[in-house]
Amino acid sequence: MNGVSMIDALDFRPAAQQSSLRATIEDSVAAAIVSGGLAAGELVSVPALAARFEVSATPVREAMLNLEKLGFVEPVRNKGFRVTHVSVEELRQIVEVRQMLEVPVVRELAADFPEGPRTELHDLATRIDAASAAGDLPLYLAVDIEFHAKLLSLAGNDRLVSIVTALRRQTRLTGLTEMLGSEELTASSREHAELLVLLEAGKADEAAELMHRHIGHVVGWWAGLPEEA
């Protein structure tokens, strides 16, 4: 499938309805790449995206150049941009690093989970569930990132949040599109609320185990692969 037909098949919203054209385009294309809607090696042209979003080429070009800086795409002379490839082994390494960083934080938070951010985190968990049920992948991924960043920020280490966010940008969830409406996606979505319940109850071991398993979905369900029960 060529770049234009793949773009036409994606569920992009007209960017003219949004406050920031560049940000909307960037978020939508990034979500399509992460979820596998735009596959590794796929060519994406600025004119095709501009037509799909019903905007001029300028905000599209700005969005694609920023995605290049973030490692999502690479330029192809006179053709546009090619979606970069992330191997299974690279994904496994990303998962291992995230588990090393995030699981201990969750364990520590369970010992003294602050009251202040609980309502916001529960609201984010609810929005993740709603986006999953609606099949809205861009929103699902955006709110999922927001949830994890907010949770990690409670450790008081901005560098940690930046590192994990950067690792997430390198992730590809190639099986996510096929998971829409599945029991696995529903279960994965609900793990956010389940994690909060465990943290509020001070159940450190259970919360840490859930976070470890949740991150592991990157090389399991979200990669279109089975997981052990």
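**Exercise 1.** Classify Glu120 by its relative accessibility, and find the part of the chain that its salt bridge with Lys150 ties to it.

*Solution.* Step 1: Glu120 has 36% relative accessibility and counts as partly exposed; buried means under 20% relative accessible area, exposed over 50%, and partly exposed in between (1.4 Å probe, protein chains only). The model is predicted: local features need pLDDT of at least 70, side-chain atom pairs count only at pLDDT 80 or more, and totals for chains, interfaces and linings use all residues. Residues are numbered from 1 along each chain as its sequence is written, and side-chain values use heavy atoms, without hydrogens and water.

Step 2: Between Lys150 and Glu120 the closest N and O atoms are 3.5 Å apart, which makes a salt bridge (a side-chain nitrogen of Lys or Arg within 4 Å of a carboxyl oxygen of Asp or Glu).

Step 3: Glu120 lies in helix α6 (residues 118-134) and Lys150 in helix α7 (residues 137-153), so the pair ties together parts 30 residues apart in sequence. Helices (H or I, at least four residues) are DSSP runs, numbered from the N terminus.

**Exercise 2.** Is Arg118 buried or exposed, and how far apart are the closest N and O atoms in its salt bridge with Glu115?

*Solution.* Step 1: Arg118 has a relative accessible area of 17%, so Arg118 is buried. Step 2: Glu115, at 59%, is exposed. Step 3: Their closest N and O atoms are 3.6 Å apart.

**Exercise 3.** Which parts of the chain does the salt bridge of Arg107 and Asp205 link?

*Solution.* Step 1: The closest N and O atoms of Arg107 and Asp205 are 2.6 Å apart. Step 2: The pair links helix α5 (residues 88-111), which holds Arg107, with helix α10 (residues 204-216), which holds Asp205.

How values were computed: Helices (H or I, at least four residues) and strands (E, at least two) are DSSP runs, numbered from the N terminus.
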